[in-house]
Each structure stands twice: as structure tokens, then as C-alpha cells.
Amino acid sequence: MSRTQIPNEAYAPTGAWYVAALSSELSVGGIVARTVLDHPVALFRADSGQVFALEDRCPHRFAPLSSGVVKGDSVQCPYHGLEFDGTGACSRNPYGPVLRAATIRAYPVEERHRALWIWMGEQGQANPALIPDFGFLAEAPDTAFSAGYMHVAANYELIVDNIMDLTHTDYLHAGSIAGTGMVHKVKPFTSEFPDRIEVCWFAPDVPLSPFHSQIYSSLERADQLVRIEWYLPGIMKLTANFMPCGRPEEEAFSNTNAHFITPETKTSAHYFFAATRNYSREDIKLNAFIAESREKAFATEDKPIIELVQNRMGSGDFWKLKPLLLGVDEAAVRVRRRLEKATREEEAHATPRGSGF
Ligand code: FES
Ligand SMILES: [Fe+2]
């Protein structure tokens with residue numbers, strides 16, 4: 001595939017693994033329609049259990065295959081019945097011999113970490129080793145795991161910005177999932193690595209918010225440590241630790257969460273999130289409480305403000321709007337620079353890159 005398959009101005013690298021869906025969204029025989037980087041994709045789980053991703057447009061009269069049905073290891077077009085297997089080859093033609101020329105694009109897919117990862121760049125470049133290790137998601141028992149999906153009408157980098165700068169939790173989430181309300185009072189520490197950018201906040205000996213007091217009832221005050229790891233393009237791990245004051249991180253009530261952000265178009269994105277924890281792992285009620293609280297905060301606090309930001313930005317380029325930069329923006333700005341570099345390198349026909357630099 002060449003980069004010219006991106007119909008609009010490039011706004012994200014194609015040579016990267018994106019999360020197209022959560023594994024739980026596709027049972028055997030299921031089909032999910034999802035647009036990634038402006039490409040309509042039909043994901044389906046064959047009878048074998050394997051997931052495939054095909055261009056969601058039949059080559060005959062352009063019906064969406066995602067409206068069809070799974071037949072064995074193929075998907076049948078709903079309009080006139082042509083069938084295509086996971087390689088994109090026509091596997092059945094009800095009107096005669098199989099048509100070799102009737103092929104559609106197949107995208108490499110990997111099922112890992114309870115998610116379905118799709119490669120939007122050249123097939124030969126799709127190296128599964130580039131998928132960051134989010135093994136903690138599969139290791140968590142179901143009673144200490146929750147996940148969700150949200151469509152956001154905003155450029156994916158605005159969601160990445162939101163997570164790279166957690167000072168917003170002290171304001172936007174002050175009445176809901178805020179931790180100690182002290183994040184904005186401590187200096188974040190940003191580090192760059194070949195494969196990721198990390199940012200940490202450490203707030204010692206701070207009172208817990210009403211929300212967190214419900215979860216950590218044995219703590220009145222805590223040392224709070226939040227660490228975010230970003231991997232190209234929108235793959236993020238957020239660890240929020242609450243330690244008894246003065247105690248080491250190993251003794252923390254630890255929450256390790258995933259945020260997977262995938263561009264749909266230049267101004268819309270798919271937002272997948274998942275949460276795990278190291279305490280009270282059998283507590284189903286606590287699990288539901290954390291899942292509902294987080295999802296509600298994303299849906300009623302983060303998503304609306306991010307969509308309003310996109311609305312105020314219009315189609316204007318982020319940098320051309322001359323955003324005011326604060327010290328707390330350092331990590332987010334570094335991420336934007338890396339994304340821009342990766343995207344521009346592809347534009348210039350340089351070797352597409354995955355999660356590593
Ligand atoms: S449009 Fe798919 S078989 Fe005709
Ligand atoms: Fe938030």
C-alpha cells in the first residue's frame with residue numbers, strides 16, 4: 001500500500017498498530033464496521049475464532065460487507081452474495097466460477113491484550129513485535145477488569161493531550177474521579193525513551209478526595225504517584241498509585257489503566273479504555289463502581305470538553321492557532337512532535353515506522 005491511500009491530508013502515521021476494536025466486541029460470526037484513518041473497515045470473527053479485517057466495500061456494487069454475514073471463514077456480501085475470505089480473495093461466486101480478480105484489501109490484524117490491533121500501512125511492514133506490551137490487561141481477572149468504548153467527535157491528538165496532562169483532573173473531574181486535587185500543585189517529570197514518552201506526578205502526604213476515600217477506606221492521607229506512558233500513535237498506559245504516607249510504591253493501591261485512541265477521521269476518533277487494579281481483585285461491586293464512575297466521567301466530563309475544543313478549533317491547524325503553552329504541556333507537546341515527525345516521514349516516503357523510533 002502507498003501512503004496515497006489516505007484520502008485527505010495526512011494527520012497520523014499509517015505505519016503503526018491501532019486498536020480497531022476490543023476483543024469483546026466480536027464473538028464468533030460477529031462483524032464490526034469501523035472507519036480507521038478514513039478507511040471503512042469490516043472486522044469479522046470467523047468460525048475458527050480468528051479475526052480478519054477487510055475493506056468495507058464490495059468490489060461489485062460497493063455494498064458494505066459489514067452488513068453481510070459470516071460464512072465459515074468468509075464474509076458474504078448482503079447485496080448479491082459474493083463471499084470473501086480473510087485474505088480479501090473471493091471465495092465464492094454464486095453466479096459461476098470464483099473470480100480471481102474480485103479481491104479486496106485485507107488489513108493485518110493481531111489479537112492481543114484483549115484488543116484487536118490493525119495495521120494501516122504497507123502489509124509487509126506489519127511487525128506484531130511493535131505492539132507495546134499491555135499484558136497486564138489479559139492477566140487481570142474479570143473481577144478486576146473493565147473496558148469500554150466511546151466515539152469522540154474530535155481529532156485523536158486532543159484525546160492524547162487530555163491524558164498526557166492530568167492537571168485537568170483537579171478541575172474537570174473535581175466532583176467525580178479526581179484523586180487528591182493536588183496534581184496541578186506538583187511539577188510533572190517528563191522522560192523520553194526510544195519507544196515511548198513518560199510523564200509522572202508525585203504528590204506526597206495529601207488528603208484523598210471523597211471518591212477515592214470510598215475506594216481506599218483504610219487511607220486518610222496518601223502519597224499519590226501517577227505515571228503515564230505514551231507509545232506511538234495513541235497507545236497509553238496510566239498507572240495511579242496511592243501509598244500509605246512514606247511507604248514504597250510496592251505497597252501501593254495500584255490502578256493500571258489503558259487508553260487506546262484511534263483516529264477515525266481528521267476530526268473524530270475511537271476511544272477505548274480499560275482498567276485493572278492490584279487490590280480487592282475479587283470484589284465485583286467495587287469493580288462495577290470503578291467502571292461506572294470512570295465511564296461516566298469520560299462521557300460527561302472529558303468527551304464534552306474535548307468535543308467543544310474541537311468545535312472551537314474548527315478545521316484550524318493546532319499550531320497555526322498559536323496555543324498558549326504552559327509548563328505542564330511539555331509531555332503533550334513532545335508527543336505531538338513525535339507524531340508529526342512520524343507522519344511527515346511517511347509523507348516524504350521515508351520508511352514507515354511502528355511503535356519504535
Ligand atoms: S454488491 Fe456485493 S455482491 Fe453485489
Ligand atoms: Fe479526564
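**Exercise 1. In which strand is the place of Asn257?** Then describe the surroundings of Asn257 in this predicted model.

*Solution.* Start with the secondary structure: Asn257 belongs to strand 17. Next, check the accessibility. The relative accessible area of Asn257 is 8%, and buried means under 20%, so Asn257 counts as buried. Now follow the side chain, which reaches the backbone nitrogen of Thr276 at 3.5 Å. Finally, list the contacts beyond the neighbours within four places in sequence: Phe136, Met236, Lys237, Leu238, Ala274, Ala275, Thr276 and Arg294.

**Exercise 2. Work out the strand order of the open sheet of 7 strands, and find what packs on the sheet.**

*Solution.* Trace the sheet from one side to the other: the order is 12-18-17-16-15-14-13, and the pairing is antiparallel. Then look for strands that pair on one side only; these edge strands are strand 12 (145–152) and strand 13 (189–192). On average, neighbouring strands here are turned by 15 degrees against each other, direction ignored.

Take one pair in detail. Strand 12 and strand 18 (residues 268–277) run antiparallel and are joined by 8 bridges. Within this pair, Ser146 stands opposite Ala275 of strand 18.

Now add the helices. Helix 2 (residues 156–164) packs on the sheet and touches several strands, among them strand 14 (197–207), strand 15 (221–231) and strand 16 (235–243). The direction of helix 2 makes about 165 degrees with that of strand 17. Helix 5 (residues 284–313) also packs on the sheet, touching strand 12, strand 17 and strand 18. The direction of helix 5 makes about 15 degrees with that of strand 12.

**Exercise 3. Which protein donors does the iron ion (ligand 2) have, and what is the geometry of the site?**

*Solution.* First, collect the donor atoms: His168 (NE2), His173 (NE2) and two OD atoms of Asp302, lying 2.1 to 2.7 Å from the iron ion. Second, read their spacing in sequence, which is H-x4-H-x128-D. Third, consider the angles among the 4 donor atoms, which run from 53 to 144 degrees. Tetrahedral would require all angles between 85 and 135 degrees; the site is irregular. Lastly, check the histidines: His168 is buried at 16% relative accessible area, and His173 is buried at 2%.

**Exercise 4. Is strand 1 (residues 17–22) mostly covered or mostly uncovered, and how many bridges pair strand 1 with strand 11?**

*Solution.* Begin with burial: 6 of the 6 residues of strand 1 are buried, making the strand mostly covered. Then turn to the pairing: strand 1 and strand 11 (residues 115–119) are antiparallel over 5 bridges. For one example, Ala21 has Leu116 of strand 11 as its bridge partner.

Key: Residues are numbered from 1 along each chain as its sequence is written. Chains are lettered from A and ligands numbered from 1 in the order in which they are written. This is a predicted model: local features need pLDDT of at least 70, side-chain atom pairs count only at pLDDT 80 or more; totals for chains, interfaces and linings use all residues. Side-chain values use heavy atoms; hydrogens and water are left out. Buried means under 20% relative accessible area, exposed over 50%, partly exposed in between (1.4 Å probe, protein chains only). Helices (H or I, at least four residues) and strands (E, at least two) are DSSP runs, numbered from the N terminus. Two strands pair if DSSP finds at least two bridges between them. Donors are N, O and S atoms within 2.8 Å of the metal (3.2 Å for Na, K and Ca); water is not among the atoms, so sites may look incomplete. Four donors count as tetrahedral if all angles lie between 85 and 135 degrees; four count as square planar and six as octahedral if opposite donors are over 155 degrees apart and all others between 65 and 115; anything else is irregular. Axes are lines fitted to C-alpha atoms, for helices over the stretch in contact, and angles run from 0 to 180 degrees between N-to-C directions. Contact means heavy atoms within 4.5 Å. A polar contact is a pair of N or O atoms within 3.5 Å; within protein, one must be able to donate a hydrogen and the other to accept it, and residues adjacent in sequence count only if both atoms are side-chain atoms.
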